[in-house]
Structure formats: C-alpha cells, structure tokens
Amino acid sequence: MSIKFLTPLCMMLAAATSSPHVLTDLERAVWHVETNQCPADCPKGDGGKAIGPLQIHRACFSDVARPGEKYEDCKTLAFSVKVFRRYMDRYATESRLGRKPTDEDKARIWNGGPRGPWATGKKKQNLDNYWAKTRAAMEARK
C-alpha cells in the first residue's frame, strides 16, 4: 500500500470518528470556553463537579448514558462530544422549543440544563455571559 493511499485513508478514518476534525463551530466554541480546548485529562471544573474537555456533570452524563458507558469516559474529547450531541438531540429540539433550535439555545442548554433557554434572574444573566463568550469564540474562528 502506498503512502499516497494511506494519507487519504487516515483522513477518512479520522473524519468518521468524533475527532476534533469533525466538530461543529458551536462544539469547538463550547470546548474553547469550557477548557481552552484541553483535549484530555483536563482539570475538573465547577468546584470539582465537572470533568473532561466539555466539563460534563454527572447528571448530564446520566441523562444520556448508554449501557456500559462510564462517567470517566467523559474525560476524552471524542466521548465528551458524543455526550454533547446526545444531550442536544434530547433537549435542543424543535418540539421542546417551539421553533428550530439555534446555537444560542444549544449553548444555554449546555450550560444551564434543559431549562436554559427559559432561565430567569441571575441564572439568565450567567447564561447571557456564557452565550456571549461562546459566540465570541465562534466568531474568532471565522
């Protein structure tokens, strides 16, 4: 097998996984905001309550976990992205929001939980700040 064939094959294999090469702009921005794009073995966040590149809380993981998966799996970027996508598939839906979900909705849900888009008071202010950081990270990549 020649090198010319292996390189495209490796690129296709990488694209078929949840590698950093296939993240959406929103996922990259959340990763940046949460851990400055730490790929693995990231420091725990939120007072030790969140782990991994996307800072996943146990309740978030438990909400979308499949049999055989462990919370510690969230320490890798590939698995963190799977959890993020499952969480969005569950909560950032047109049927829940009454309209097509936006990146802002998804960021608010990621940081504020399923009721993030409807937050009020101090929680809304925190989510406004989170969205501003996430939006800025998305715009910085353009």
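Among contacts in the chain between residues at least 6 apart in sequence, what percentage join residues at least 24 apart? In this predicted model, the figure is 39%.

**Figure 1. Overview of the chain and its secondary structure.** The model is predicted and holds seven helices and two strands. Along the sequence, these elements follow the pattern α-α-β-β-α-α-α-α-α. The chain has 142 residues, and 38% of them count as buried. Its accessible surface comes to about 8600 Å², and carbon and sulfur atoms account for 53% of that area.

**Figure 2. Close-up of the packing of helix α2 against helix α6.** Helix α2 spans residues 25-35 and helix α6 spans residues 103-112. Their axes lie 11 Å apart and form an angle of about 40°. The two helices are therefore oblique to each other, since an angle of this kind falls outside the ranges for roughly parallel (under 35 degrees) and roughly perpendicular (65 to 115). The crossing of α2 and α6 is right-handed.

**Figure 3. Close-up of the residues that join α2 and α6.** From α2, the view shows Leu 26, Val 30 and Glu 34. From α6, the residues they meet are Asp 103, Lys 106, Ala 107, Trp 110 and Asn 111. By class, the residues of this contact comprise four nonpolar, one polar and three charged. As background to the spacing along a helix, an α-helix has 3.6 residues a turn, so residues three or four places apart point the same way.

**Figure 4. Close-up of the buried residues of α6 and the end of the helix.** Asp 105, Ala 107, Arg 108, Ile 109, Trp 110 and Gly 112 are the buried residues of α6. The elements against which these residues pack include the helices α2, α3 (58-64), α4 (77-91), α5 (94-97) and α7. Strand β2 (56-57) is also one of their partners. Just after α6 comes Gly 113, with a positive phi of about 85°.

**Figure 5. Close-up of Thr 134 in helix α7.** Helix α7 covers residues 121-140 and contains Thr 134. Thr 134 counts as buried because its relative accessibility is 0%, and the cut-off for buried is under 20%. With neighbours within four places in sequence left aside, Thr 134 is in contact with Leu 26, Ala 29, Val 30, Val 33 and Ala 107. Of these, Leu 26 and Val 30 also appear in the contact of α2 with α6, as does Ala 107 on the α6 side. Ala 107 is also among the buried residues of α6.

Methods: Residues are numbered from 1 along each chain as its sequence is written. This is a predicted model: local features need pLDDT of at least 70, side-chain atom pairs count only at pLDDT 80 or more; totals for chains, interfaces and linings use all residues. Side-chain values use heavy atoms; hydrogens and water are left out. Axes are lines fitted to C-alpha atoms, for helices over the stretch in contact, and angles run from 0 to 180 degrees between N-to-C directions. Helices (H or I, at least four residues) and strands (E, at least two) are DSSP runs, numbered from the N terminus. Angles under 35 degrees count as roughly parallel, over 145 as roughly antiparallel, 65 to 115 as roughly perpendicular and the rest as oblique. A crossing is left-handed if the near helix is turned anticlockwise from the far one by less than a right angle, and right-handed if clockwise. Contact means heavy atoms within 4.5 Å. Ala, Val, Leu, Ile, Met, Phe, Trp, Tyr, Cys and Pro count as nonpolar, Asp, Glu, Lys and Arg as charged, and the others, Gly among them, as polar. Buried means under 20% relative accessible area, exposed over 50%, partly exposed in between (1.4 Å probe, protein chains only). Accessible areas come from the Shrake-Rupley method with a 1.4 Å probe; for residues, only the protein chains shown count as cover.
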